[in-house]
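I opened this entry to record how the chains touch and how selected helices pack. My notes follow in the order in which I looked things up.

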Amino acid sequence: MKVHLKIKRFNPEKDKKPYWGEYDIEADESDRVLDALQTVKWTIDGALNFRRSCAHGICGSDAMRINGRNALACKLLIRDAVHNGAITVEPILGLPLIKDLIVDMEPFFAHYRAVMPFLVNNNEPGERERLQSQEQRARYDDGTKCILCACCTTSCPSFWARGEYVGPAAIVQAHRFIFDSRDEGAADRLEVLVEPDGVWRCRTVFNCTEVCPRDIQVTKLIGEVKQALVTGKID
Amino acid sequence: MGTLFTTVRDTLRYKGREGQWLWVLHRISGLGILFYLILHVYDMSLAYFNVPVHEQMIALFKTPLFSVLELALAVLLIFHAVNGVRVALLDLRPELWAKQQLATRLALIITVVIAAPTIIIMIIYTINAHLGPVATTIAR
């Protein structure tokens with residue numbers, strides 16, 4: 001099928017502001033949007049810049065705004081994305097634009113690091129693993145699916161308004177460890193999240209839940225962290 | 001101001017669903033109510049500090065334009081209250097996340113159900129106030 005691709009282009013060395021690059025390509029309806037972008041890069045304009053690595057929805061490199069809404073280009077099929085024969089592709093919002101579809105992810109990863117996304121337990125585990133029941137493992141399972149693609153954080157109006165807000169992805173990562181029975185760093189993480197730029201900036205808009213390519217119930221996890229802060233209980 | 005500009009610009013650029021637009025309406029209604037409260041407190045303080053200006057303002061509030069604004073204020077208040085309950089419920093009961101689209105629709109329906117009779121009663125009173133007994137007869 002014929003697809004008209006509208007891609008937001010920007011070269012900081014030449015352009016004063018982003019502009020629309022328009023390309024007509026031939027694509028199969030079962031191709032992914034990433035295939036279409038690669039067709040443009042490989043056959044029309046080699047200067048087109050975008051991130052992609054595994055191309056199979058695991059590495060989380062190719063988050064972009066497709067038809068106005070965040071998605072992974074490698075997971076979205078052409079037939080689901082095409083609208084009146086056209087697809088628009090833009091960079092994600094809220095992070096500094098570097099070139100074409102590439103944004104600076106450093107502020108996003110700084111928030112990720114702020115919530116201590118690693119197991120904190122200073123007790124000597126002895127000669128064996130730290131055991132956990134199936135229920136204890138299931139308690140934080142949803143958060144383990146996160147691939148740090150930034151689809152959620154950059155779809156959040158609170159993040160657009162204030163880049164200092166830790167954002168949904170960092171809260172999901174905090175949740176993954178706060179509710180882990182082996183972890184003992186919950187109090188430190190909650191101290192970060194109770195700050196004005198922590199969970200309370202979440203306005204329960206649900207944009208994050210709707211775009212998560214891993215189907216994580218992001219707003220629910222944020223709500224559970226809010227509850228942990230209000231009740232002082234982690235259960 | 002830069003933050004406000006960025007938020008408005010990015011909200012218009014992003015194709016969010018119901019949740020995003022209800023959030024926008026919640027902000028607008030909140031600002032409308034805040035504007036009313038500031039005006040109200042200012043005007044009421046004049047009743048003590050500067051009676052002639054207070055009376056001028058009361059006369060202004062009785063004009064048709066302010067009657068229409070009063071109707072808008074009632075709708076904003078009702079929406080803001082109902083949507084506030086929706087957001088608080090979803091925050092306090094995160095397990096209800098899957099019902100959020102239903103909650104969105106319910107919030108709008110409840111707003112209309114409460115606002116419609118309120119507006120009708122207010123319109124009758126407004127016409128009554130501006131046109132006198134004719135409207136009173138219709139109201140009966």
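Entry 1, the contact between chains. I counted 20 residues from chain B and 24 residues from chain A in the contact. On the side of chain B that touches chain A, I listed helix 1 (2-13), helix 2 (18-49) and helix 4 (64-92) of chain B as the elements that give two or more residues. Helix 1 of chain B supplies the largest share of that side, six residues. I sorted the residues of this side of chain B into six nonpolar, eight polar and six charged. I note that the model is predicted.

Entry 2, helix 3 and helix 7 of chain A. I found helix 3 (residues 106-114) and helix 7 (residues 167-178) of chain A packed at an angle of about 25°, with their axes 8 Å apart. Angles under 35 degrees count as roughly parallel, and helix 3 and helix 7 of chain A are therefore roughly parallel to each other. Their crossing is right-handed. From helix 3 of chain A, His111(A), Tyr112(A) and Ala114(A) meet Gly167(A), Ala169(A), Ala170(A) and Gln173(A) of helix 7 of chain A. I classed the residues of this contact as four nonpolar, three polar and no charged.

Entry 3, helix 7 and helix 8 of chain A. The axes of helix 7 and helix 8 (residues 186-193) of chain A come within 10 Å and cross at roughly 155°. Helix 7 and helix 8 of chain A are therefore roughly antiparallel to each other, and I recorded their crossing as left-handed. Ile171(A), Ala174(A), Phe177(A) and Ile178(A) in helix 7 of chain A meet Ala186(A), Arg189(A), Leu190(A) and Leu193(A) in helix 8 of chain A. This contact divides into seven nonpolar residues, no polar and one charged.

Methods: Residues numbered from 1 in each chain as written. Chains lettered and ligands numbered in written order. Predicted model: local features only at pLDDT ≥ 70, side-chain atom pairs only at ≥ 80, totals over all residues. Contact = placed C-beta atoms within 7 Å. Helix = DSSP H or I, 4+ residues; strand = E, 2+ residues; numbered from the N terminus. Nonpolar A, V, L, I, M, F, W, Y, C, P; charged D, E, K, R; others polar. Axes fitted to C-alpha atoms, helices over the stretch in contact; angles between N-to-C directions. Parallel < 35°, antiparallel > 145°, perpendicular 65-115°, else oblique. Left-handed = near helix turned anticlockwise from the far one by under 90°.
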